[in-house]
Amino acid sequence: MHISLAEHRLAQRLAQLRLERNWSLEALADLTGISRASLSRIERAETSPTASLLNRLCIAYGLTLSRLLSGVDEEGPVHLRPAAQNVWCDRQSGFERRSVSPPATGFLGELVEARLKAGALINYDAPPVAGIEQHLWILDGVLLFNMNDRQWRLEAGDSLRFHLYGRSSFHAPEAEGAHYALVVCRA
């Protein structure tokens, strides 16, 4: 499998976060339920984590996925051209995630563009931060969004606002997949 530059940066970021907290691979494995061997391979950029595994790491570190993927500079850029926006792909699930908002401290909202290939399904055990506010806007295709025991079928133009608690899933059941914008607001 070919590992991209973005995946190498993610591997370095994950290793850095673990070392900053003085956690061993065993301690992180206990916190996340991800095997020590898998964590080691992810940190060495030998494999790319799935969206579900990244979510478990976000929970352990108390970070949103955008913050985990980008790191945050105090005085980061205020303008990002598309080529400079962080794009992360989960090849296994068919999920592509673009961090549209420039990463910065002092801002509570983040804009994310996401694409799910036809049939793609992502399951999350818990949100990275319980109760985090999110807004979904479907740009194209159909998205089935589940949160705990509720399900919404969202089509192009539909929007949904919620506080994220518990289990959730994103599924693109139709042949055209799903293309959507997600606003994530931290408290």
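This briefing covers the fold, the surface and the cysteines of one protein chain. The model is predicted, and the chain consists of 187 residues. Its secondary structure comprises 5 helices and 9 strands, and, read from the N terminus, the order of elements is α-α-α-α-α-β-β-β-β-β-β-β-β-β.

**Overall dimensions and packing**

- For 187 residues, a compact globule would be expected to have a radius of gyration near 16 Å, and the chain, at 16 Å, agrees with that value.
- Taken along the principal axes, the box filled by the C-alpha atoms of the chain is roughly 45 × 35 × 35 Å.
- Among contacts in the chain with a separation of 6 or more, 65% are between residues that lie 24 or more positions apart.

**Burial, surface and charge**

- Buried residues make up 49% of the 187 in the chain.
- The accessible surface of the chain amounts to about 9,800 Å², and carbon and sulfur atoms contribute 51% of this area.
- The chain carries 20 positive and 21 negative charges, and the mean positions of these two groups are 3 Å apart.

**Cysteines**

- A search of the whole structure finds 0 disulfides; a disulfide is a covalent bond between the sulfur atoms of two cysteines.
- Cys 89 is in no disulfide, and the nearest cysteine sulfur to it, that of Cys 58, is 16 Å away, whereas a disulfide would require the two sulfur atoms to be within 2.5 Å.
- Cys 89 counts as partly exposed because its relative accessibility is 31%, which lies between the limits of 20% and 50%.
- Cys 185 is likewise in no disulfide, with the sulfur of Cys 58 as its nearest cysteine sulfur at 16 Å.

Notes
Residues numbered from 1 in each chain as written. Predicted model: local features only at pLDDT ≥ 70, side-chain atom pairs only at ≥ 80, totals over all residues. Heavy atoms only, no water. Helix = DSSP H or I, 4+ residues; strand = E, 2+ residues; numbered from the N terminus. Rg over C-alpha atoms; globule rule 2.2 N^0.38 Å. Buried < 20%, exposed > 50% of the residue type's maximum accessible area, 1.4 Å probe, protein only. Contact = heavy atoms within 4.5 Å. Areas by Shrake-Rupley, 256 points an atom, 1.4 Å probe, with all protein chains shown as cover. Lys, Arg positive; Asp, Glu negative; His and termini not counted. Charge placed at Lys NZ, Arg CZ, Asp CG, Glu CD.
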